[in-house]
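User: I have a model open and would like to know what stands behind the labels people put on it. Could you take me through the reasoning?

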Amino acid sequence: MVEFAVWAPRPERVRLDVDGTLHPMVASGDGWWRADVDARIDARYGFVLDDDPKVLPDPRSPRQPEGVHERSQRWRPAADAWTDSDWAGRSIEGAVIYELHVGTFTPAGTFDAAIDKLDHLIDLGVDVVELMPVNAFGGTHGWGYDGVLWYAVHEPYGGPDGLIRLIDACHRRGLGVLIDAVFNHLGPSGNYLPRFGPYLSSGSNPWGESINIADADADEVRRYIIDCALRWMREFHADGLRLDAVHALVDTTAFHILEELSAETDALSAELGRPLSLIAESDMNDPRLITPRERGGLGMTAQWDDDIHHAIHSAVSGETQGYYGDFGSIETLAQTLRNGYFHAGTYSSFRHRRHGRPLDTSSIPATRLLAYTLTHDQVGNRAVGDRPSQNLQPGQLAVKAALALGSPYTAMLFMGEEWASSSPFQFFSSHPEPELARATAEGRKAEFAEHGWDADEIPDPQDPETFLRSKLNWDEVADGDHARMLAVYRDLIALRHREPDLADPWLDHLRVDYDEEQRWLVMHRGAFAVACNLGAEPVTVPVTGEVVLSWDEPAVEGEATRLPGHSFAVLRSA
């Protein structure tokens, strides 16, 4: 006999469908319904609520073979699925993380195809792979942030067995794995959870109705979230999670859900005997997020730091529109590199208010902030999904890499960045419902038309070609400037891993010199100086030493170094 259970406080009657046969379920008085039924290990099942004959998938479904609108399937991994029993885990602090989208990382777009590219990541020097959401969502392809069955693995990628093979292969090669988890909203296609119970709150966020984590009956919803998070780390051996847009998790309770998740993650880490990490995406610039719980914080391991991205990108590219409005100067770049946040209780012209809170650089190491020059957001949320490599000179891309990888922060790359991929990463979806598909396409065009873009230039998210254009072209890797860029990324990462001075996590030890007019900046890291010329003309920088890595040919002249336009040099003092 198998016990089936579902939390469904809203319907007055719940029946269990197992392989087409209906069975009554018994309410236990706390909103849960249960039934003990004979069932095959791979039985298809679902729930029928009240008098609606539609069989709904299990909110905690372990597998959705036919997609999010159909019956769930019982599943457990094969006895010999895992070979990583000796995996000791990997901390993300100070690591090099590689963000990838399974569907566009390879031509096939599957977990198994990604395994074939892991040697590339090892050669590059990557420590941790971060998978964009792999939870079940409507359609065959999409970014994954519109998931509706958070416990299940997207079938077109290879389902739960494929995910196990990928994570196991990563661990065998010494790579950690993070999974991007979205707990702040549900997608529009296949969201049956409100039929079962009060999963949604009265509030909303930019992506839809908010999740109920603080209103009436929120306790079981919070448990639903935390159990899902722990499932990725326990059952799929993930080394941690990237938590999407945690600023949209509006929690008015005395025990914030992130603090609760942090505590339970630490407990699981102790149980498993390996480190587990929680990386939060947040736009609040609030250091309490990454402050340990015992010091009054929420206990996240690290957080994405968009200020660093904005400061680097704007200073190198010259873009100052939208949220880049307060960035662009070398002074702003220097201040952000030194302090972690640029907005730290200062006025934000984009938000029209004060923003952020200062980071205590004497107690919070820089490795709790992620530095990057690209993310899926910073490419895909541009109108046409264009990468910097489509707009900037190779030297400018190299300078951006040196600033991020030469900094004391935990570093992250976005797939293809390392060889200046020419493939865009556009917003794509495959909603099967015609009205939803049309609304998605029209909404995307209207959003950017308001900002001055020609609506005809905006790719249709539902057009399969938008998805196909976004796939990486691996044939580029060995060609010309692409191969040269890849070599520089490899060398920067190797130097970062090899030299203790470049692993120093304390911002109080970092000195940044710059010249606004001549557009150069130098990060001093112990015996090393990372000198960058962000301008097009050659400059003389007051730093000297042995050149250990560079883009183009610097010339050390006594107590100074001559840098060509759009170039960098890493120098070691005697």
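User: What makes up the lining of the largest cavity: how many residues are nonpolar, polar and charged?

Analyst: Happy to help! In this predicted model, the lining divides into seven nonpolar, four polar and three charged residues. Of the 14 lining residues, those closest to the centre of the cavity are Leu374, Pro388, Leu397, Glu417 and Tyr489. Helix H11 (394–405) and helix H14 (480–498) each give two or more residues to the lining, and the largest share, three residues, comes from H11.

User: How much space lies in the largest cavity?

Analyst: About 110 Å³. The structure holds five cavities of 30 Å³ or more.

User: Why is Cys170 not counted in a disulfide?

Analyst: A disulfide needs two cysteine sulfur atoms within 2.5 Å. The closest cysteine sulfur to that of Cys170 is in Cys228, 20 Å away, so the distance is too far for a bond. The structure as a whole holds zero disulfides.

User: And why is Cys170 called buried?

Analyst: Buried means under 20% relative accessible area. Cys170 has 1% relative accessibility, so Cys170 counts as buried. Cys532 is buried too, with a relative accessible area of 1%.

User: How do you know what span to expect for helix H7?

Analyst: Take 1.5 Å times one less than the number of residues. H7 (residues 257–272) has 16 residues, and 22 Å is expected; from first C-alpha to last, H7 reaches 22 Å, close to that expectation. H7 is followed by Gly273, with a positive phi near 75°.

User: Which elements do the buried residues of H7 pack against?

Analyst: They pack against helix H6 (218–234), strand E15 (240–243) and strand E16 (277–280). Among these buried residues are Leu258, Leu261 and Leu268.

Definitions and conventions:
Residues are numbered from 1 along each chain as its sequence is written. This is a predicted model: local features need pLDDT of at least 70, side-chain atom pairs count only at pLDDT 80 or more; totals for chains, interfaces and linings use all residues. Side-chain values use heavy atoms; hydrogens and water are left out. Buried means under 20% relative accessible area, exposed over 50%, partly exposed in between (1.4 Å probe, protein chains only). Helices (H or I, at least four residues) and strands (E, at least two) are DSSP runs, numbered from the N terminus. Contact means heavy atoms within 4.5 Å. On a 1 Å grid over the protein atoms alone, a cavity is a set of points where a 1.4 Å probe fits but cannot get out, and a pocket is an open set with protein on both sides within 12 Å along at least five of seven lines; lining residues have an atom within 4 Å of a point. Grid points are joined across faces, edges and corners, and a volume is the space filled by probe spheres set on the points. Ala, Val, Leu, Ile, Met, Phe, Trp, Tyr, Cys and Pro count as nonpolar, Asp, Glu, Lys and Arg as charged, and the others, Gly among them, as polar.
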